[in-house]
Structures are given as structure tokens and as C-alpha cells.
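Me: I'd like to see which labels hold up once you put the numbers next to the cut-offs. Can you take me through a few?

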Amino acid sequence: YIVLQGWAFLEERFPKAGKAFVVLRAGNKTFLFDTFPMIRKDVSHKYGFLKRLDFSGFTTLIHPSALSQQTSYQIGLVVRNGPNESFVETHKILKL
């Protein structure tokens, strides 16, 4: 399995952890993966002016067969917090 971990939250107006999804893109193919929450007290500590971020962490397990034959994927995140949703494409690349 491929294991991806990180943290994310919607800063503007909604300063608490939401549900994160990992997005992998290669060419015209996009893959969306659910995540499991992780406790990240370090995020709460660093962004102490924003409350309730202990659960901003996430992890996901991806079986390689769930992906296409590409060897390089741009990593992005979708964060949902109630009716609000945000997408960000990171500078990180997953290389298989």
C-alpha cells in the first residue's frame, strides 16, 4: 500500500478541522481517496490562534491497483467543513 499522511483545515471563517480527501492527478486522470482522521496536536500548537485543530491530521492507504499506469501524480487535497469545500493542489509529487 501507499501511505499518505498530512494535515489540512479551512482557515477563513471556519477554523476547525474538516473532512479531508486526497486527490491524485496524472494527465487527464484524477483519483479521489477518502482519509482517516489523525490527531495532530502539533498543528494546534503551531496555529494556536485557531482552535480545535487537534483532528486536522489525516492518513490514507492507497492500493497501487487503484491507480492508472502513470508513475507520477500531483497531490492535492479537498477539505470539506459542513457545506464549505476547498481544493488545493500542493507542490508535492507522488512518484511510484
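Me: What makes K41 and D54 a salt bridge?
Reply: Their side chains meet at 3.5 Å, N to O. The label asks for a side-chain nitrogen of Lys or Arg within 4 Å of a carboxyl oxygen of Asp or Glu, so a Lys–Asp pair at 3.5 Å gets it. The pair links distant parts of the chain: K41 is in helix α1 (residues 41–46), D54 in the loop between α1 and β5 (57–62), 13 residues apart. Helices (H or I, at least four residues) and strands (E, at least two) are DSSP runs, numbered from the N terminus.
One caveat up front: this is a predicted model, where local features need pLDDT of at least 70 and side-chain atom pairs count only at pLDDT 80 or more, while totals for chains, interfaces and linings use all residues. Residues are numbered from 1 along each chain as its sequence is written, and side-chain values use heavy atoms, with hydrogens and water left out.

Me: Why is K41 called exposed and D54 partly exposed?
Reply: Buried means under 20% relative accessible area, exposed over 50%, partly exposed in between (1.4 Å probe, protein chains only). K41 has 55%, so it counts as exposed. D54 has 24%, so it counts as partly exposed.

Me: How do you know that R80 and E85 form a salt bridge?
Reply: Their side chains come to 2.4 Å, N to O, and that earns the label. R80 is partly exposed at 35%, whereas E85 counts as exposed at 51%.

Me: What makes E89 and R25 a link between distant parts of the chain?
Reply: The side chains of E89 and R25 meet in a salt bridge at 2.8 Å, N to O. E89 is in strand β7 (residues 84–95) and R25 in strand β2 (residues 19–26), 64 residues apart. E89 is partly exposed, at 36%, and R25 is too, at 37%. A search of the whole structure finds five salt bridges.

Me: Why are β1 and β5 called paired?
Reply: Two strands pair if DSSP finds at least two bridges between them. Six bridges join β1 to β5, so the label fits, and the two run antiparallel. L4 stands opposite T60 in β5.

Me: What makes β1 and β4 edge strands?
Reply: The open sheet has three strands in the order β1-β5-β4, with antiparallel pairing. β1 (2–7) and β4 (36–38) each have a single partner strand, so one side of each is left without a neighbour in the sheet.
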